[in-house]
Amino acid sequence: MKILLIGGHGTIGKRVAKAFAERGHDVVIAGRKSGAVQVDITSKVSIEAMYQSVGAVDACICTAGTGFYGPFDDMTAELMMPGILGKLLGQVNLVLEGQRYLNPGGSFTLTSGIAAEHPARNGTCVAMINGAVNSFVLGAAQEMTRERRINAVSPGLVEDSKERYGAFFPGYNLAPMEKVVNAYILSTEGAVNGKILKVYS
Ligand SMILES: NC(=O)c1ccc[n+]([C@@H]2O[C@H](COP(=O)([O-])OP(=O)(O)OC[C@H]3O[C@@H](n4cnc5c(N)ncnc54)[C@H](OP(=O)(O)O)[C@@H]3O)[C@@H](O)[C@H]2O)c1
């Protein structure tokens with residue numbers, strides 16, 4: 001399969017990229033600064049340019065995006081907008097624009113996260129974004145044509161992020177990288193559609 005992986009040099013993305021390459025797929029990595037193709041998913045124009053340069057794909061996976069973490073009392077619409085434009089609308093636009101480039105039988109796999117159900121302190125913005133990504137997938141799966149599918153992978157705090165984020169998520173179990181990667185494989189190579197693939201521990 002030709003797989004377009006946005007965020008393929010990030011913590012989760014690089015594991016996903018390695019696994020799919022080892023499974024014999026042609027993985028095209030896109031990132032803001034990294035990867036073979038540059039894209040800023042906050043921009044619809046940039047997404048369209050990415051698809052034009054990559055061409056038709058059998059799968060599109062996004063492991064890019066984040067959202068505002070900070071005290072609830074400091075949270076403002078302005079602080080929330082980058083995450084809304086990136087992780088939420090960015091992933092939505094990858095699907096809306098990408099439908100014209102996704103081959104029949106192909107799949108989209110978006111990334112949400114455990115915060116949708118179990119927000120950490122200071123994580124209300126990310127909880128909202130993850131919940132919206134999940135709901136988008138539930139709705140969009142019903143609209144997919146030509147046997148195309150869409151799922152979300154919802155990771156818990158992943159093993160490889162323990163050092164970077166562990167202190168912000170007290171009491172969270174670590175999600176093993178192998179299980180997280182398997183969820184992307186299940187979504188891409190399997191038959192599941194409209195699923196939120198949760199890997200919390
Ligand atoms: N890590 C965790 O424990 C965890 C847990 C639950 C959910 N998640 C979710 O999983 C996803 C990946 O997390 P991660 O920890 O792997 O992130 P990460 O290490 O920060 O990597 C993010 C990747 O996405 C790219 N990227 C960021 N913003 C972009 C944009 N506007 N346009 C295009 N590419 C962009 C970056 O590319 P450049 O380096 O080129 O900028 C980078 O390769 C995120 O949605 C995150 O919320 C992560």
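S154 has K198 as its bridge partner in β9. The residue belongs to strand β6 (residues 149-155), which runs parallel to β9 and is joined to it by 4 bridges. Strands here are DSSP runs of E with at least two residues, helices are runs of H or I with at least four, and both are numbered from the N terminus.

This is a predicted model, where local features need pLDDT of at least 70, side-chain atom pairs count only at pLDDT 80 or more, and totals for chains, interfaces and linings use all residues. Residues are numbered from 1 along each chain as its sequence is written, and side-chain values use heavy atoms, without hydrogens and water.

Now the sheet. It is open, has 7 strands and follows the order β3-β2-β1-β4-β5-β6-β9, with parallel pairing. Its edges are β3 (37-38) and β9 (196-199); each has a single partner strand, so one side of each lacks a neighbour in the sheet. Two strands pair if DSSP finds at least two bridges between them.

Helices come next. α4 (residues 124-143) lies across β5, β6 and β9, at about 160° to β6. α2 (residues 44-54) lies across β1, β2, β3, β4 and β5, at about 155° to β1. Angles run from 0 to 180 degrees between N-to-C directions, with axes fitted to C-alpha atoms, for helices over the stretch in contact. Contact means heavy atoms within 4.5 Å.

Look closer at α2. S46, I47, E48, M50, Y51 and V54 are buried (under 20% relative accessible area, 1.4 Å probe, protein chains only). The buried residues of α2 pack against β1, β2, β3, β4, α3 (77-98) and β5. At the start of α2, a side-chain oxygen of S43 comes within 3.3 Å of the backbone nitrogen of V45. Just after α2, G55 has a positive phi of about 80°.

Notes. Buried < 20%, exposed > 50% of the residue type's maximum accessible area, 1.4 Å probe, protein only. Polar contact = N/O pair within 3.5 Å; in protein donor to acceptor, adjacent residues only side chain to side chain.
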